[in-house]
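Got your viewer open? Load the model, switch to cartoon view, and follow along one selection at a time.

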Amino acid sequence: LAKKQILAEKANLLNAVDPRSPQDWSERTKSFEKLFEEWKKIGPVPKSNNDAVWIQFNGVRNDFYTKRKLHFKTQNDAKGDNLKLKQALCEKAESLKDSTDWSNATKQILALQDDWKKIGPVPKKENDKIWKEFRSYFDVFFDKRNEFLKIEKDNNKENYDSKLELIETAKKYVENIKNDSNQLLIKKLQEKWKGIGNAGRFAEQ
């Protein structure tokens, strides 16, 4: 009886403060299981005390397991809600993957990534799947954007080189700009200049 009363007191102390993390819940559960194993190894107690000491011990155990069940149910419900939130972000990401409004879409994508980080965990079996889906839409967008920027850079370099050639050609005629034929050539060079596309950052060199 004394041994079982001690176990009942230990169970009460274990249940006095709720666990704060999944690891705490796991360790606390193992502690209760260990107490119960010790309980079963102890022999019988006086008949008049049997029910009281069992109710004292098992009542605390039941209270702990009830709280644990409620805790994980709440956690699972929250993870389900988080999954819905992340699915909604996936839909928004999918709507942006084919956008060619590179600047605006990039800002929106970065904002979606920040929103994703703020959402808590989802059910473990869905975690990798939903993340891969979310990321795949961004991979499509950034691959297209990078290809566009590469082509644009190449075009800008080509335009820059073409404009340099026009400048060198123009230098031959500006010294004698009063010459009518030179003026005509300069005008033709100006028209060609207008027809050449943007030189981008190369123009800043």
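Colour the cartoon by secondary structure and trace the chain from its start: the pattern you'll read off is α-α-α-α-α-α. That is six helices and zero strands. Keep in mind that this is a predicted model.

Now show the surface of the whole protein. About 14,700 Å² is accessible, and carbon and sulfur atoms account for 51% of that. Of the 205 residues, 26% are buried. If you like looking at contacts, take those between residues at least 6 apart in sequence: 73% of them join residues at least 24 apart.

**Stop one: helix H4**

Hide the surface and select residues 102-118, which form helix H4. Put a distance label between the first and last C-alpha of this 17-residue helix, and you should get 25 Å, close to the 24 Å expected at 1.5 Å a residue.

Next, show side chains in H4. Which residues of H4 are buried? Select Trp102, Ala105, Thr106, Ile109, Leu112 and Trp116. These buried residues span an arc of only 120° around the axis, so they sit on the same side of H4. Why can residues spread along a helix share a side? An α-helix has 3.6 residues a turn, so residues three or four places apart point the same way. Now turn the view to the other side of H4, where you'll find Lys107 and Lys118 exposed.

**Stop two: Phe141**

Select Phe141, which lies in helix H5, residues 124-174. Is Phe141 buried or exposed? Its relative accessibility is 0%, and buried means under 20%, so Phe141 counts as buried.

What does Phe141 touch, leaving out residues up to four places away in sequence? Light up Leu96, Lys97, Ser99, Trp102, Ala105, Thr106 and Ile109. You've already met some of these: Trp102, Ala105, Thr106 and Ile109 are among the buried residues of H4. For one more label, join the C-alpha atoms of Phe141 and Lys97: they are 4.5 Å apart in space, although 44 residues separate them in sequence.

**Stop three: Asp81**

Finally, jump to Asp81, in helix H3, which covers residues 47-96. Asp81 has a relative accessible area of 46%; partly exposed runs between the 20% and 50% cut-offs, so that is the label for Asp81. Draw a line from the C-alpha of Asp81 to that of Ile119: the two atoms are separated by 9.6 Å, with these positions 38 residues apart along the chain.

How values were computed
Residues are numbered from 1 along each chain as its sequence is written. This is a predicted model: local features need pLDDT of at least 70, side-chain atom pairs count only at pLDDT 80 or more; totals for chains, interfaces and linings use all residues. Side-chain values use heavy atoms; hydrogens and water are left out. Helices (H or I, at least four residues) and strands (E, at least two) are DSSP runs, numbered from the N terminus. Buried means under 20% relative accessible area, exposed over 50%, partly exposed in between (1.4 Å probe, protein chains only). Contact means heavy atoms within 4.5 Å. Accessible areas come from the Shrake-Rupley method with a 1.4 Å probe; for residues, only the protein chains shown count as cover. The expected span of a helix is 1.5 Å times one less than its number of residues. The arc is that of the directions from the helix axis to the C-beta atoms.
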